[in-house]
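Hello,

Here is the structure we discussed handing over. My notes follow below it.

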Amino acid sequence: MARIDLDVPYSQKDEAKSLGARWDPQAKTWYIPDGAEVGQLARWLPIPNDFELEHEPEFLVRSPYYYVMESLSDCWKCNALTRVFSFKLPEEHEEFQYIEDDEEEFTLTRGLGEWKSHGHRGTVSNVHSLSPRVVKQMHRFTETFKLAYSKTAGSRYFMNHCQHCGAKLGDFFMHSEPGGAFFPTSPEQANKMFLFRINEKFDANCDIRYATDDFMDYMQIGGE
Ligand SMILES: [Zn+2]
């Protein structure tokens, strides 16, 4: 095994030296000698540069534009039909993926990752946080899409509430059960749903569900 070059800032050279790093005056670089332990010198290992690494952003899902999606659901409490909302993301959306460390001591890459696009549309659920701009857009459609605690999920997320009685309408049945408000299984069902395109950036921490047939083309395009 060859030696491993390090990225040691000048101010930390003495520390690196005390931990076993050697100086190569020709190449002007600190390095771990052939066969020596990486150990605590791992913090100075160069960051892999074969792809663009970034520090974790505040929101792990982003899209240049998005759709507010409207559907109808039965309220479990008052049995009335109520309007419910979610988001649909276009093919251009991206998810931030963390670099997976093979070695635990390789602390330099902690919190680093890159944006990945899967190239297909997705339906948003379990929204734990949203950028203020997206919250503002959603409030143009409804005041009942708001943070609430879910016993099923064991956490707080942006949840729909019945427009008649205010009961919480959790994401699980609407998103995970075929035929649920946001899980259309036929063109007829999708035709009762509306999409409103928002030409602004989408930023959130949420889940995204993909379907081989999401029936999006059968949904009605809503006007402003
Ligand atoms: Zn109700």
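On one side of helix H2, Pro132, Arg133 and Lys136 are exposed (over 50% relative accessible area; buried means under 20% and partly exposed in between, with a 1.4 Å probe and protein chains only). The other side of H2 (residues 132–139) holds the buried residues Val134, Gln137 and Met138. These cover an arc of only 100 degrees around the axis, which puts them on the same side of H2; the arc is that of the directions from the helix axis to the C-beta atoms. Helices (H or I, at least four residues) and strands (E, at least two) are DSSP runs, numbered from the N terminus. Among the elements covering the buried residues of H2 are E6, E7, E10 (122–130), E14 (194–198) and E15 (202–209), with contact meaning heavy atoms within 4.5 Å.

This is a predicted model, in which local features need pLDDT of at least 70 and side-chain atom pairs 80 or more, while totals for chains, interfaces and linings use all residues. Residues are numbered from 1 along each chain as its sequence is written, and side-chain values use heavy atoms, without hydrogens and water.

The zinc ion is coordinated through SG atoms of Cys75, Cys78, Cys162 and Cys165, at 2.3 to 2.4 Å. Donors are N, O and S atoms within 2.8 Å of the metal (3.2 Å for Na, K and Ca); water is not among the atoms, so sites may look incomplete. The donor angles of 106 to 117 degrees make the arrangement tetrahedral (four donors, all angles between 85 and 135 degrees). Cys78 lies in the loop between strands E6 (66–74) and E7 (81–89), and Cys162 in the loop between E12 (155–161) and E13 (168–169), so the pair ties together parts 84 residues apart in sequence. Cys162 is buried at 3% relative accessibility, whereas Cys78 is partly exposed at 33%.

Regards

Notes: Tetrahedral: all angles 85-135°; square planar, octahedral: opposite > 155°, others 65-115°.
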